[in-house]
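Here is a friendly walk through one protein model. Keep the picture open beside the text and find each part as we come to it.

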Amino acid sequence: MFNSGARLCLYLLIVIAGIRCGGIARAADPLIFAVHPYLPATELIERFTPLIQYLSRELRVPVNLVISRDYKSHIVQVGKNRADIAYMGPASYVEMVEQFGKKPLLARLEIIGKPTFQGIIIVRADSPLLTLRDLIGKRFAFGDPDSTMSHLVPRYVLWKNGVTTENLGGYAFLNNHHNVALGVLAGDYDAGAVKDEVFYSYEHRGLRELMRTWPLSEHVFTANTSLSPETLQKLRNALYSLRDKEGGQDIMASLKHSITGMVPVEDGDYDSLRHILQKLAEMRVTHD
């Protein structure tokens, strides 16, 4: 028989031994992985589930996917540390840092060997429009007001070419890139703005490139400031090494077919975009 003190010591030894042997007394709290709604929710779930499962295995901690209601709420969720890991569009990242301060950076996408992407202003293949100036008086489709390549950067490019919302024949925000492509294809809008990936997926259905933006730093993975240095390094290592893992290419292709890796990132990689957003702010262009 053990007295109460002996029983307590034995219990503590069992718990400690269980932890060291991988048997835990309490399941680890899941990490929240937040994504902005740049595509329909069903498609985002399909695209991100392989990565979520991979990170869960690498960290040995459950990782749960959360899709933010809109871009604004995503910025707040990340900024207020309500997500442990986040996938952010460049403009959303810049706005988040401006509002809430810097967060630990994990990686950014590398597309066909380059950590940059472009936006494309699209028209129907049979459209008579040939230049950006031809858009004056025409109907234009944007995505989300806070989207880098379906509103903010194209809005700046249009302005640089003398096209504004005042001299367009009309414009609307259609929430995501796919809706913009479909709206132009249907003839509801004369032109629209999408990122290059979406253009390529719809080009064969009858879209044509009118103009593309210059390259800007790709989408970024950020982390909660409360995560331990050890966890942050595990996350970075998991993302950096993904291209070399068995099945890693398939996981990346699920996110985007042209991804060739996840690479290191610094806040300064987004300074050129900051310049554009600052100019838009001076023009009082944030969202309508």
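The largest pocket holds about 420 Å³ of space. A pocket here is an open set of points on a 1 Å grid over the protein atoms alone, with protein on both sides within 12 Å along at least five of seven lines, and a lining residue has an atom within 4 Å of a point. Grid points are joined across faces, edges and corners, and a volume is the space filled by probe spheres set on the points. Of the 21 residues that line the largest pocket, the closest to its centre are Ile111, Glu197, Tyr200, Lys256 and Ser258. Strand E5 (116-117), helix H7 (196-202) and helix H9 (248-255) are the elements that give two or more residues to this lining, and H7 has the largest share, with 5 residues. Helices (H or I, at least four residues) and strands (E, at least two) are DSSP runs, numbered from the N terminus.

Before going on, a word on the source. This is a predicted model, where local features need pLDDT of at least 70, side-chain atom pairs count only at pLDDT 80 or more, and totals for chains, interfaces and linings use all residues. Residues are numbered from 1 along each chain as its sequence is written, and side-chain values use heavy atoms, with hydrogens and water left out.

Next come the cavities, sets of points where a 1.4 Å probe fits but cannot get out. The whole structure has 2 cavities of 30 Å³ or more. Which residues are closest to the centre of the largest cavity? They are Tyr71, Ser147, Thr148, His177 and His219, out of 14 lining residues. Helix H4 (90-100) and helix H5 (148-160) each give two or more residues to that lining. Among the residues that line the second largest cavity are Arg47, Lys195, Glu197 and His219.

The table sets the three spaces side by side. Ala, Val, Leu, Ile, Met, Phe, Trp, Tyr, Cys and Pro count as nonpolar, Asp, Glu, Lys and Arg as charged, and the others, Gly among them, as polar.

| Space | Volume | Lining residues |
|---|---|---|
| Largest pocket | about 420 Å³ | 8 nonpolar, 7 polar, 6 charged |
| Largest cavity | about 60 Å³ | 5 nonpolar, 7 polar, 2 charged |
| Second largest cavity | about 40 Å³ | 5 nonpolar, 1 polar, 5 charged |

Now look for the sheets. Two strands pair if DSSP finds at least two bridges between them. An open sheet of 6 strands runs in the order E2-E1-E3-E12-E4-E13, with mixed pairing. Strand E2 (63-67) and strand E13 (259-263) each have a single partner strand, so one side of each is left without a neighbour in the sheet. Strand E1 (residues 31-35) runs parallel to E2, joined by 5 bridges, and leucine 31 has valine 63 as its bridge partner in E2.

Another open sheet has 5 strands in the order E8-E7-E9-E6-E10, also with mixed pairing. Its edge strands are strand E8 (170-173) and strand E10 (207-212). Strand E6 (residues 119-124) and strand E9 (residues 191-195) are antiparallel and share 4 bridges; glycine 119 has lysine 195 as its bridge partner in E9.

Finally, the model has 19 salt bridges, each a side-chain nitrogen of Lys or Arg within 4 Å of a carboxyl oxygen of Asp or Glu. One of them joins arginine 47 and glutamate 43 (2.9 Å, N to O). Both residues lie in helix H2 (residues 41-59), 4 residues apart, about one turn of the helix.
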